[in-house]
Each structure stands twice: as structure tokens, then as C-alpha cells.
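Ready for a bit of practice with a protein model? Try each exercise yourself before you read the worked solution.

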Amino acid sequence: MTLEGLLPELAVIRKDFPILERTLAGGLPLVYLDSANTSQKPQVVIDTMVDHLERHNANIARAMHQLGAESTEAFEAARDKVAAFIGAPDRDEVIFTKNASEALNLVANTLAWAGPLQVGAGDEVVITEMEHHSNIVPWQLLTQRTGATLRWFGLTDDGQLDLSGVDQLINEHTKVVSLTWVSNMLGTINPIAEITRRAHAVGAIVVVDASQAAPQLPIDLASMPVEERPDLVAFTGHKVVGPTGIGVLWGSRAVLDALPPFLGGGEMIETVRMEGSTYAGIPHKFEAGTPPIVEAIGLGAAVDYLGHIGLDAIHAHEKAITGYALEGLQSVKGLSVLGPLDAALRGGAISFELDGVHPHDIAQVLDSRGVAVRAGHHCAKPAHARFGVQASTRMSSYLYTEPREIDALVEALEYTRSYFKLD
């Protein structure tokens with residue numbers, strides 16, 4: 001097949017990621033196909049974080065000296081960069097968390113506590129069968145604690161949401177709809193606008209896990225029609241070439257103002273008296289204590305880097321590489337792909353089975369050939385159960401993935417077949 005859409009500067013981009021030049025045991029070159037798990041980091045992110053620690057390290061918003069001012073300025077500049085990256089209507093709507101899981105738990109917990117959005121008995125929360133556990137367990141806890149009912153979209157045989165009963169599933173009792181934008185296991189890109197329109201029509205709020213979408217899809221929240229724009233969007237920094245330990249929750253000002261604080265402590269207060277406290281406005285209301293300062297600054301450098309390349313170009317590259325990978329994988333005898341087979345309908349994560357070989361054994365043999373993939377349930381056990389499997393092997397590409405690495409994967413899978421004497 002043609003590979004139209006590959007980034008023309010791919011060779012230059014790869015040089016920005018020092019780890020991609022690493023050789024493994026036996027002198028094998030690293031073939032990194034686990035970016036849906038965590039992306040690699042460009043030198044500019046590494047350098048930015050080191051520079052901050054070496055020259056500007058101080059706590060933010062409280063130290064009245066030059067280093068404190070520099071640190072605060074860099075931290076808030078990172079918020080501006082993240083807001084621009086997702087097209088947030090208001091930079092104060094960007095909340096820094098430690099990861100996407102914390103962001104989703106923040107929402108689910110505060111919805112249980114107080115305010116006009118509080119979920120209670122008789123209400124319904126709707127999720128999907130393809131969710132990462134981080135977008136299942138918090139909603140299970142919420143409904144168990146409040147007496148609300150948890151419902152979910154099922155999946156079609158080709159790994160897409162079954163929307164045949166959407167009008168019955170999202171109804172006048174629905175308070176929250178929470179779903180992934182791009183599945184981390186099936187790769188499916190979900191119709192966020194369509195589902196959001198339906199949810200808003202019945203007065204429900206929409207929460208989107210964008211952890212797999214933010215790295216590869218252009219997101220411009222401000223340009224989305226209000227009826228199609230989710231109310232809250234979470235993603236994690238380490239999948240967008242940023243560091244671990246930093247996540248993002250974007251929420252509309254109206255929703256964030258309606259939610260009570262999640263954690264109590266320093267910097268989230270307006271004033272504290274022994275009789276009670278009042279709270280700061282957003283974003284500080286949800287950022288108690290010393291935040292992950294250097295991680296946020298590293299994330300700012302990361303989204304700057306992606307913005308310089310362009311998310312449209314990255315998405316085109318992912319689609320081309322994914323199409324090439326789907327074609328290569330389907331040439332391997334006994335291999336079956338889970339999820340859509342059309343690259344236009346999915347992201348860069350491809351889970352598959354190889355008849356007669358356990359996913360962990362596949363991953364171990366591939367690793368012996370220098371190819372890094374993930375094996376297991378990918379924190380998506382219900383999605384695996386839907387397709388009658390305990391686990392799968394997953395390859396995932398990103399903006400630095402080359403066609404030759406897909407070729408290396410296919411060759412390693414053929415070696416795996418011969419190793420286990422499947423012919």
C-alpha cells in the first residue's frame with residue numbers, strides 16, 4: 001500500500017528522541033511500538049525540565065523571591081500552552097492533576113458530594129464497554145455510594161459502540177455520560193459530538209477520557225458547537241511526549257464552578273477560619289498543595305513540540321502507519337485483529353491475537369527481537385471479555401514510528417510462529 005501522509009521530516013523527528021537510538025542486548029536496535037502505554041520524550045522536554053530544576057526551582061504562588069516568581073511564571077505559562085493545545089475557551093478552565101485517572105476520579109467524587117450536579121438515587125450514569133478501568137471504576141464507586149444506576153453502551157462485533165439503543169440508554173434519568181474518545185484497546189474513534197448532542201438534549205453532562213485522543217487527534221474545544229462540546233475532558237501528559245506525574249482536566253467554567261473542591265489544603269482556599277473555609281476560584285480550587293511543578297512545565301514543552309509539528313500532520317501520519325500495520329498484521333497466518341480494520345475509524349493502538357500462542361509469550365519473543373509491545377488486558381478487561389479473550393498483544397505507533405519498524409514487527413511475528421512450530 002502507499003504510505004501517503006507520513007511526516008516528511010520523520011528522520012529529523014526521530015533524532016529529537018534520544019532513546020530511539022538505543023540498542024538493546026545483543027546489539028538489536030530498539031523498535032518501540034508501545035506508545036499507547038507511554039510515549040517517548042523529545043530532548044526539548046528533557047532539557048526544559050532539567051533547566052528548571054537547575055536554574056529556577058522554587059515553590060509557586062507563595063515564595064516572594066525571584067526564583068519563586070520565575071517558577072510561578074513558568075508553571076502558569078504551561079497552563080497557557082495546554083489551553084492552546086486543546087483550544088480551551090478559557091485558560092483558567094485547565095486544571096492540573098497528577099494523571100488522567102485522578103482527573104476522572106475528581107469528577108466522579110465531586111459529583112457525589114454536593115451542588116446542582118450532584119448524582120443521587122434514581123439518577124443514571126452511562127459509560128461504555130470499551131472503557132479503560134480508570135473510566136469504569138470511579139463511576140462504579142459513585143453509583144454504589146449514591147444509589148444511582150450504572151448503564152453502558154455495548155460493542156458491535158467490529159469493535160464500535162452499539163448505538164442502536166442510544167435514545168433509550170441516554171434518557172431523562174441520565175445525569176452523566178462518560179466515554180473514551182479513542183479506545184486504548186480497540187483503537188476505535190468514538191462519535192463524541194453525536195453522543196454529546198444526545199446527552200445535552202436530556203440535560204446530562206458529558207465527561208470524555210481523551211488520553212488516547214490528545215496525542216493524535218486535533219482538539220479545538222472552543223470551535224466545537226456548544227451542544228457538541230463535552231463538559232469535561234481528561235488526558236494524561238505522558239502519552240503526549242510529556243513526563244509522567246502530570247494530567248489535565250479541562251471543564252467548562254459553569255461545570256467547574258458548580259463542583260465542590262476535591263482535595264483540601266494550601267492554595268485552594270480563599271480564607272480559612274476555625275469555623276469554616278471559603279475557596280478560591282478555578283483553577284486553584286482544584287489544585288490543593290504543591291503541584292507537580294516541573295512536570296507541568298515539561299508538559300508545556302511537550303505540547304509546544306507537538307504544536308510545532310501540527311496535530312493535523314501527526315494524525316495523518318498515524319493513519320498512514322496504522323493502515324500499513326493493519327495490512328502487515330493481516331498477512332500473518334493465524335493472527336486476528338480486535339477492533340475496526342479501517343485505519344480511518346481508529347487510532348494507532350492495535351490489539352491482536354495469534355492462534356496457539358499466549359500474548360505474554362508473543363511479547364517475550366518479540367522483545368528478544370528488539371520489538372517492544374504490550375501484552376495483557378491493557379486495563380480494559382470488560383472489552384476483552386466482550387470478545388471472549390482474557391488478554392491480547394498490542395502494538396501502538398506514534399509520530400516517530402517508521403514503516404521499517406512495522407516490517408520488523410511482522411518479521412518478528414513470523415519468527416514467533418516458527419518458534420512455536422505453528423506451521
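**Exercise 1.** Find the domains into which the chain is divided, and work out how they meet.

*Solution.* This is a predicted model, so keep that in mind throughout. Step one: the chain splits into domain 1 (10-38 + 310-420) and domain 2 (47-308). Notice that domain 1 is written as two stretches, 10-38 and 310-420. Step two: look at the spacing, with 28 Å between the C-alpha centres of domain 1 and domain 2. Step three: check the contacts, where 35 residues of domain 1 touch 34 residues of domain 2.

**Exercise 2.** Decide how helix α4 and helix α5 are oriented to each other, then say what kinds of residues make their contact.

*Solution.* Start with the axes: those of α4 (residues 100-113) and α5 (residues 137-146) come within 9 Å and cross at roughly 10°. Angles under 35 degrees count as roughly parallel. That's why α4 is roughly parallel to α5. Next, pick out the contact residues: α4 brings Leu-104, Val-107 and Leu-111, among others, while the α5 side includes Pro-138, Trp-139 and Arg-145. Finally, sort the contact residues, and you get eight nonpolar, three polar and one charged.

**Exercise 3.** Explore the largest nonpolar core and find out which helix gives the most to it.

*Solution.* This core has 74 residues, and the members touching the most other members are Phe-85, Phe-96, Trp-181, Phe-235, Leu-306 and Leu-399. Helix α9 (residues 293-309) gives the most, with eleven residues. Now bring the domains back in: the core draws at least three residues from each of domain 1 and domain 2. Then zoom in on Leu-399: leaving aside neighbours within four places in sequence, its contacts include Leu-7, Phe-17, Val-241, Leu-306 and His-317. There is also a second, separate core of 30 residues, with Ile-136, Ala-234, Phe-262 and Phe-286 among them. As background, nonpolar side chains in soluble globular proteins tend to be buried together.

**Exercise 4.** Is Cys-379 buried, partly exposed or exposed? And what about Lys-421: buried or exposed?

*Solution.* First, place Cys-379: you'll find it in the loop between β14 (374-376) and α12 (381-386). Cys-379 has a positive phi near 55°, though it isn't a glycine. Its relative accessibility is 23%, so Cys-379 counts as partly exposed. Now go to Lys-421, in the segment after α13 (403-419). Lys-421 isn't a glycine either, and its phi is positive at about 50°. With a relative accessible area of 69%, Lys-421 is exposed.

Note on methods: Residues numbered from 1 in each chain as written. Predicted model: local features only at pLDDT ≥ 70, side-chain atom pairs only at ≥ 80, totals over all residues. Heavy atoms only, no water. Axes fitted to C-alpha atoms, helices over the stretch in contact; angles between N-to-C directions. Helix = DSSP H or I, 4+ residues; strand = E, 2+ residues; numbered from the N terminus. Parallel < 35°, antiparallel > 145°, perpendicular 65-115°, else oblique. Contact = heavy atoms within 4.5 Å. Nonpolar A, V, L, I, M, F, W, Y, C, P; charged D, E, K, R; others polar. Core = buried A, V, L, I, M, F, W, Y, C linked by side-chain atoms within 4.5 Å. Buried < 20%, exposed > 50% of the residue type's maximum accessible area, 1.4 Å probe, protein only. Domains from an automatic or database assignment.
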